Amino acid sequence: QDVPMNGNYYLLYGRGETPTGPSPPVLTYHGAQSIPSISDNLIEPDTASNEPIPTHPCPSSPSPSAVYRFTATSSSDCVQSSCDYFLGIRTNDNDPTYLDFVLEGSATGWIGVGFAPNPAMASADVLGCVVQISGGVAIVDAWNVPATSEGLNNDVRDDIQNVCPHSASYSNGRIQCVFSRQIITNDTAQDVPMNDDYFFLYGRGDIPFFGISPALTYHTPFMIPSISSNMMTPTNVSSLLV
């Protein structure tokens, strides 16, 4: 239950009031007026410099029973817990300027969704969940760069990580994560506005066989991403089959 302080983590800054019940003060769930801020980027505690605490508090996490108005599934007869690929998108109940995302599927490396102006992998804004060497799962905000003469590049992590992680897990070959992202962020270079039209990219992959640190790498055989046949708007889409 103690993470190594030479790894990369989102830092959570929180505070709360004394519970009104008979229990002694503990690190209870924060109150409505004391919602923690979350660092914009993954930070390594043993080498980190000072940074301002973000002034944009993340919205509340969707409940486990939340209904996602848009879902993309790998099969018409699967449910979230059994699909090889499942994506859900909804408007956050607490703050309508945010969208909630859930990603779940069968993979040992990563699962993600991309938003691109063309039906291709390059130059896409990507949100994904990546299994770390430690066994934990990082929720990342990335950008797909084009292939070069030297081969296919990994994802490039955005300088500003505009995702609000809520939960993430990896167990028995399945990845699951829940997070939120603003519809329009302050990163105009690498975050597309979610109220515009894009091709949706649905992908997952296993841990690279050549031993590098897990990342949103090029998809592995038999896990080739699907691309939506039409452009869609993340803030206004209906469910479909991947």
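**Exercise 1. Count the aromatic pairs in this predicted model, then classify the one formed by F115 and F200.**

Solution.
- Search the whole structure: six aromatic pairs turn up.
- Two values describe such a pair: the distance of the centres and the angle of the planes.
- For F115 and F200, the centres are 5.0 Å apart. The cut-off is 6.5 Å, so the rings pair.
- Their planes meet at 85°. Angles over 60 degrees count as edge-to-face, so this pair is edge-to-face.

**Exercise 2. Place F115 and F200 in the chain. Are they buried or exposed?**

Solution.
- F115 belongs to strand β6, residues 110-116.
- F200 belongs to strand β12, residues 199-205.
- The two are 85 residues apart, so the pair links distant parts of the chain.
- Both F115 and F200 are buried.

**Exercise 3. Which residues do ring pairs link into a cluster?**

Solution.
- Start from F115 and F200, which are both in the cluster.
- Add F70, Y85, F101, F179 and Y202 to complete it.

**Exercise 4. Find the ring under the charged end of R90.**

Solution.
- The ring is that of Y68.
- The charged end of R90 lies 5.8 Å from the centre of that ring.

**Exercise 5. Describe the protein as a whole: its strands, its burial, its contacts and its surface.**

Solution.
- Count elements: 14 strands, zero helices.
- Check burial: 43% of the 242 residues are buried.
- Take contacts with a separation of 6 or more: 61% of them join residues 24 or more positions apart.
- Finish with the accessible surface: about 13000 Å², with 54% belonging to carbon and sulfur atoms.

Conventions
Residues are numbered from 1 along each chain as its sequence is written. This is a predicted model: local features need pLDDT of at least 70, side-chain atom pairs count only at pLDDT 80 or more; totals for chains, interfaces and linings use all residues. Side-chain values use heavy atoms; hydrogens and water are left out. Rings of Phe, Tyr and Trp (its six-membered ring) pair if their centres lie within 6.5 Å; planes under 30 degrees apart count as stacked, over 60 as edge-to-face and the rest as tilted. Helices (H or I, at least four residues) and strands (E, at least two) are DSSP runs, numbered from the N terminus. Buried means under 20% relative accessible area, exposed over 50%, partly exposed in between (1.4 Å probe, protein chains only). A charge sits over a ring if NZ of Lys or CZ of Arg is within 6 Å of the ring centre and within 35 degrees of the ring normal. Contact means heavy atoms within 4.5 Å. Accessible areas come from the Shrake-Rupley method with a 1.4 Å probe; for residues, only the protein chains shown count as cover.
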